[in-house]
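Visitor: I have a structure open and would like to go through it step by step. Could we start with the helices and then turn to the sheets?

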Amino acid sequence: MFYLGGFIVGGRLSADSSALCSGSKWHVRLVGRSGGPNVTSRIGSDYPYRSVGLQEMKMLYARQGSESDEKSAMLLKAQADFLESSTSYYAPEWSFPPASGNLRYGTLPREAVCTENITPWLKLLPCQDKAGISTLLDRPSIYRGFYLSQRLHLTLTGSGYEGMDLSIILEKTLTVVLQPNSQRASLVRDSEKHIQPSWSLSSIFGNQVGGKCVLAETSNVYLLLDRDRIFIEESSLLSKNSSVLYKFEVEKYSESEPFDLGLTWKILVVWLCQQAPLHASRFLMGSGNERGAIAISLKSTQTTEGFMGAHSNDERCELRVDVFQVVPWYVKVYFHSLQVFVDQQPKAVSDIIEKIHVSPSKDKVSPGVMELVLKLPCSVSSTALTIEFDKGFLHIDEYPPDANQVFDIPSTIVSFPNFHASMVFLENHSLNKSPLLSKFQEKSHVMSYTEVLLVPLTTPDFSMPYNVITITCTVFALYFGSLLNALRTRVTEEESFLKDKGSIIFIIFIHHPTISEEFWFERKLKGDHNQPPQTKFVMVCCQENWSATSAAVKVVGKDNR
Amino acid sequence: MEKLKKKIRSFSFWNWVIASIIFRLILIYFPNNLNLSSRPEVSTPLTSFRRLSEGYWLKQLSMSPYAGSMYHGSPLLLSLLGPLTVKRIEGQPNHLLYSLVSVIADVVSAMLIRATGQNLQVAYFGTLKSFDLVKQIEGSEVHSPGDVAALIYLCNPFTIVACMGLSTSPIENMAVILCLYGACSRLIPLAAFGWVIATHMSLYPAILIIPVIFLLGRGPDAPPRKLFLQMHQEKGVLNQSKLPPCFSWGPIIHFAFWALLWSVYVLVLCGISLKQFGGLWEMFKSTYGFILTVEDLSPNIGVLWYFFAEVFEFFWNFFLIVFHANILFMILPLAIRLHHRPCYLAYVAVCSMLKSYPSVGDSALYSGLLGWFVNELSDMQFSLFLFCGYVGVSPLSPVMHNLWIWRGTGNANFYFATTMVYACLQIVLVVEGVSAMLNHDRKLRSLITGKPRDAKS
C-alpha cells in the first residue's frame with residue numbers, strides 16, 4: 001500500500017426547501033483497511049425504534065415535495081436500487097455502536113468496476129465534478145487504483161413533530177488507494193514495497209483543484225501524517241506517538257492559482273499502515289455445487305504488542321473480537337455446525353464464544369445474519385471459525401442474466417472493541433468545529449473487512465421450461481388416464497369384444513397430435529382351458545382425438561384369423 | 001408334514017429378520033453412515049437429519065425452530081429426537097443413538113406388518129372357505145402374506161438406506177403402519193393415534209382416512225359383497241350366517257372420536273412448545289404450508305422440483321392446485337372400485353408419486369405393503385420389467401446426480417430423466433397392480449359362477 005486517500009461528502013438535506021444544499025461541506029478523510037470493492041449504505045435512525053427501510057426513506061422524501069427530493073431520489077435510485085428489497089439489508093445488533101439497534105446495513109458485494117458508477121455519486125453534489133475538490137476525481141486515475149469503496153450513510157435526526165424539522169444527514173465516502181504515476185512506471189519488488197513515494201495531487205489524479213465550489217460553505221483538504229516513523233521538525237510539545245494534521249483551505253485558491261498538494265521525502269521512509277491486532281481472511285471449503293463450508297481465519301499480526309490497551313496489566317488478558325457475517329438466503333448456513341479452532345486445536349464453542357446472535361435466513365425473504373462475540377487469549381496466534389452450508393436452488397427467474405456468474409457472499413466485518421480508531425486532538429479548538437473532525441473524534445472501533453466470497457450455484461437448464469412442463473404433465477396424464485381406465489373396464493365389454501378363446505394380441509398404435517411419439521403396447525392374454533377367456537387391455541387415454549384418425553387395431557388369433 | 005413345513009418357514013423368517021438387523025448394525029459402524037444422509041434421494045427438506053439438528057439448536061437458543069426455513073417438521077419430533085442429535089458417546093460413532101432408534105422403528109414396523117398380514121391371511125382363508133374354494137387353493141403355492149411383506153420391508157435396500165441415512169422416514173412409516181394395523185385388528189384408539197401422528201408428521205397420510213373407514217366398517221380385504229349374493233343365488237341356498245357383515249358405522253364413530261381426541265392432544269402439545277414463537281399458525285405455515293407450496297427446489301426423486309424451477313411464476317398456483325388435487329381426485333374412483341379391499345386401497349394411497357418431496361423411505365413403505373398381496377397379485381404383468389427398472393434406476397440416479405452437481409459434466413436434465421423414469425415405474429406398478437387385483441376378483445367370480453358351468457360342461 002502506498003498511499004491512502006479518501007473523500008467524504010457531508011450534506012444536510014432538510015425538509016425546508018430553502019435550505020437546499022446549504023450545508024454541503026467537503027472533507028478529506030482517511031479510512032483504514034477494508035476488504036474489497038463494495039458499496040455500503042448505512043441508515044441510522046435516531047427515532048424510537050421502528051423499522052426503517054429504503055422504501056420508507058423514499059416515501060419520506062416523496063412527502064417533502066422539494067427539490068432536494070429529486071436529488072435524494074436519484075441518490076436512492078442510483079446507488080441503492082439493489083438494496084431496496086428486504087433480501088439485501090439487515091439490522092445488526094452489536095457490531096456498529098453507538099447506533100446499534102437502529103441501524104440498517106446493506107451491501108452490494110458485486111459492483112462492476114465501471115466508470116459510470118461514480119457519475120451518479122457525483123451528481124448529488126452541487127457542483128458535480130465541474131468545480132471544487134471533485135474535479136480531482138478523474139475516472140481513469142481512480143479506476144487504476146488498487147482499491148475502491150463507496151459508502152452512503154444516511155442519518156435521520158429530529159422527530160418530525162412539534163416544530164422540529166425532520167432532517168436527514170447524508171454522508172458519502174469514497175475510499176481509494178492509489179499509486180503515483182512516477183512510481184507506477186518503476187514497479188519495485190517486495191522488499192521495497194513499503195517505501196513511501198513522493199507524490200502530489202497532480203501526479204496521482206492528473207488534475208489540480210481550481211478553487212472551491214461556489215455553493216460550498218467550506219472546502220478543505222486535510223493531510224494526516226502518521227505516527228512515529230516520520231521525522232518532524234515541530235515543537236517538542238508533541239509526544240512521540242502523535243500524528244500531525246495539516247489543513248489546507250481551498251477557497252484561497254482559484255483557477256489562475258490552482259491548488260496542488262504534494263509531499264517530497266528527503267530521506268527514504270518505510271511506512272506501513274496500522275494493522276488490526278488480528279489479520280482476518282475468509283475462504284470457502286469443500287467442492288461441488290451442493291454444499292460447502294465458510295471458514296474465517298484470524299491470524300495475529302506483529303503489531304499486537306503495541307495494542308495492549310487497557311488490558312496489558314492483567315495476567316489473563318483477553319482479546320475481544322466481534323464478528324458480523326451476513327449470507328444471502330441461497331447459501332443455507334447450518335449454524336449448529338459452527339466450530340472454533342484456536343491455535344489449530346478444536347475448542348468447545350462455549351469456551352470461546354461469549355455471545356451469539358443469529359437471525360436465520362428465510363427463503364427469498366431475508367438474508368442470514370450471524371453476530372458473534374469471541375473472547376480470545378491475547379497470546380493467540382491463529383483462530384479459525386468454520387460453518388457449513390448447503391447451496392440453494394433458484395428458480396430460473398432468479399438467476400442474473402449471466403447465469404453461470406458466481407454469487408457473492410458479502411464481507412465479514414471483524415471488529416475489535418478494545419482498540420479504537422478515533423482521533424484525539426491535543427490543541428486548536430477551532431478545528432473541533434468541523435463536523436468531519438468531530439466525526440473522527442467519535443469513538444469507533446477498529447474494523448477489518450474480509451474478502452468477498454464467490455459461490456457458484458448449479459443452474460437448471462434454462463432452455464427447458466416448455467419441455468419440462470410437457471413431459472411432466474404427460475406423465476401425470478398417463479397416470480391419471482391409465483388408472484382410470486383400469487378401474488373403468490368391465491368384464492362384459494371384454495367378453496362381447498372377444499369372439500373365442502386363444503391368445504390374442506393387441507397392438508395399439510397411437511399417434512398423438514402434440515406429442516409425436518408412438519406408444520406401442522403389446523398385450524398377451526392368458527387363456528385357460530377351464531375358464532372362460534379373460535381379456536384385459538389397457539389403453540392409454542391421451543387426448544380426445546386419438547380414436548378417430550389414427551388408431552389401428554390388429555387382432556391376431558391363435559389360428560391366424 | 002404340514003407342521004414341519006410351517007416350522008421351517010417360520011424359522012427362516014426369524015433368520016432373515018436377525019440377519020437384516022445385524023446388517024444394519026454393521027452399517028452403523030461405517031464412518032459417517034456412509035454419507036447416506038447427504039444424498040438427496042434419502043434426505044429431503046422434510047426428513048433431513050441435519051435440519052432436525054438445526055431446528056433443535058435454534059430451539060435451544062430460545063428461537064423459533066421454524067425461524068430460518070431450515071426445519072419443517074413437527075415440534076414433537078424436536079423434543080423427542082432433538083436431544084439424540086447432540087448426544088455423543090465416547091468411542092462410538094456419531095449419531096449412534098439416533099440410528100438405533102431408526103433400527104428399532106424398522107423392526108417394530110416389520111412386526112406390525114407381519115401381524116396385519118396374518119390378519120389378512122386369516123380373512124382370505126375365511127372367504128375362500130365360505131366359497132368352498134379351499135380345495136382349489138391347496139394345490140398351488142400360497143405364501144404367507146405377513147411373512148413376505150415383513151421380510152420385503154426389512155430386507156429392502158431402500159429401507160436400509162433410509163434407516164442408515166438418518167432420515168425421519170422410518171418413524172413416519174411406522175406411524176402409517178400402526179394406523180393400518182390398528183384398523184385391521186379393530187384396535188381403534190391405536191388406529192386413530194397412528195393416523196393422527198402420520199398426518200401430523202407429513203400431510204399426505206391424511207387420505208388414509210378413507211381406507212381406514214372401510215377397514216373399520218367392513219373388515220379386512222374380501223371379495224365384493226355381491227359375489228356372495230351371486231353365489232348363494234346360484235346355489236339356491238341363502239345362508240345368512242355365511243354372509244359378510246354389512247357396513248357398520250359404530251366403529252367409525254368410535255374412530256372419529258378417538259381421532260379428535262388425539263389430534264387435540266397433539267395440537268395442544270405443539271401449541272405449548274411453540275407458545276412464544278408464534279404458536280400453531282407458524283407451525284402450520286412452516287410444515288403444511290411448506291409441503292403444499294413446494295418452496296424448496298432442491299433435487300429429489302420426485303418430479304416437482306424441476307417442474308417448479310422451470311415453470312413461470314404466473315402459473316405456480318395453478319399447477320400446485322392441479323397436482324395436489326390429483327391426489328384427492330384419484331382416491332374417489334379407487335374407493336368406488338376397490339372399497340371391498342381397503343388394505344389394497346391403503347397401499348395405492350401410499351404410493352406417492354405426486355408427493356412434493358418424496359424419498360426412498362416412501363418407496364420402502366409401499367414396497368413393503370405390496371407384500372401383503374403376493375397371492376392376489378401373482379399374475380401381475382410386467383413384474384420382471386418393474387423389478388429390473390427399480391434395480392436399474394437405483395444406481396443410475398446417484399450417478400447422474402454426481403455428474404451434474406459434483407463433476408459439472410452433466411446438467412439437470414440427466415438427473416431429471418432418472419426421476420421421470422422412476423415416476424413412470426411407479427405409475428406402471430400402480431396401474432398394473434390395480435388391474436391384477438381386479439382380475440383376481442374376476443377370476444374368483446368366474447370360479448364361483450363358473451363352477452356350475454364346469455359341472456354342466
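Visitor: What distance separates the end C-alpha atoms of helix α4 of chain B, and what span should its residues give?
Guide: In this predicted model, helix α4 of chain B covers residues 96-130. At 1.5 Å a residue, its 35 residues should span 51 Å, and the end C-alpha atoms are 51 Å apart, so the two values agree.

Visitor: What phi does D132(B) take just after α4(B)?
Guide: D132(B), which comes just after α4(B), takes a positive phi of about 55°.

Visitor: Staying with chain B, how many residues of helix α17 are buried?
Guide: Nine of the nine residues of α17(B), residues 342-350, are buried, and the helix is described as mostly covered. Among them are P342(B), C343(B), Y344(B) and Y347(B).

Visitor: Which residues touch the most other members of the largest nonpolar core?
Guide: That core has 136 residues, and those touching the most other members are L483(A), F255(B), F308(B), Y344(B), Y347(B), W372(B) and V434(B). Helix α20 of chain B, residues 412-456, gives the most to this core, with 15 residues.

Visitor: With which residues is V434(B) in contact, leaving aside its neighbours within four places in sequence?
Guide: On the chain A side, V434(B) is in contact with L483(A), A486(A) and L487(A). In chain B, its contacts include L334(B), Y344(B) and V348(B). Of these, Y344(B) and V348(B) are buried residues of α17(B).

Visitor: Which residues are among those of the other core?
Guide: Another core, of 44 residues, lies apart from the largest one, and A280(A), I296(A), W329(A) and V333(A) are among its members.

Visitor: Let us move to the sheets. What is the strand order in the open sheet that contains β15(A)?
Guide: The order is β12-β13-β19-β15-β16 in chain A, five strands with antiparallel pairing. Its edge strands are β12 (278-285) and β16 (345-347) of chain A, each of which pairs on one side only. Neighbouring strands are turned by 30° against each other on average, direction ignored.

Visitor: How many bridges join β15 to β19 in chain A?
Guide: Eight bridges join β15(A), residues 331-342, to β19(A), residues 382-391, and the two strands run antiparallel. Within this pairing, V331(A) has K391(A) as its bridge partner, while F341(A) has A384(A).

Visitor: And on the other side of β15(A), how many bridges pair it with β16(A)?
Guide: Three bridges pair β15(A) with β16(A), again in the antiparallel sense. V340(A) stands opposite K347(A) there. The two strands form a hairpin with two residues between them, and D343(A) in the turn has a positive phi of about 55°.

Visitor: How many residues of β15(A) are buried?
Guide: Nine of the twelve residues of β15(A) are buried, which makes the strand mostly covered.

Visitor: Which helix of chain B lies across β15(A)?
Guide: Helix α2 of chain B, residues 49-60, lies across β13 (291-300), β15 and β19 of chain A. α2(B) runs at about 75° to β15(A).

Visitor: What is the strand order in the open sheet that contains β14(A)?
Guide: This sheet has five strands in the order β17-β18-β14-β21-β22 of chain A, with antiparallel pairing. The edge strands, each pairing on one side only, are β17 (353-359) and β22 (445-449) of chain A. The twist averages 20° from one strand to the next. Strands β14(A), residues 318-327, and β18(A), residues 368-377, pair over ten bridges, and the partner of F324(A) in β18(A) is E371(A).

Visitor: For chain A as a whole, how many helices and strands are there?
Guide: Chain A has eleven helices and 26 strands. Of its 561 residues, 47% count as buried. Its accessible surface comes to about 28300 Å², of which 53% belongs to carbon and sulfur atoms. Among its contacts between residues at least 6 apart in sequence, 74% join residues at least 24 apart.

Visitor: One last item: why does L229(B) count as partly exposed?
Guide: L229(B) has a relative accessible area of 38%, and it counts as partly exposed because that value lies between the 20% limit for buried and the 50% limit for exposed. L229(B) is found in helix α11 of chain B, residues 225-235.

Note on methods: Residues numbered from 1 in each chain as written. Chains lettered and ligands numbered in written order. Predicted model: local features only at pLDDT ≥ 70, side-chain atom pairs only at ≥ 80, totals over all residues. Heavy atoms only, no water. Pairing = 2+ DSSP bridges. Helix = DSSP H or I, 4+ residues; strand = E, 2+ residues; numbered from the N terminus. Axes fitted to C-alpha atoms, helices over the stretch in contact; angles between N-to-C directions. Contact = heavy atoms within 4.5 Å. Expected span 1.5 Å × (residues − 1). Buried < 20%, exposed > 50% of the residue type's maximum accessible area, 1.4 Å probe, protein only. Areas by Shrake-Rupley, 256 points an atom, 1.4 Å probe, with all protein chains shown as cover. Core = buried A, V, L, I, M, F, W, Y, C linked by side-chain atoms within 4.5 Å.
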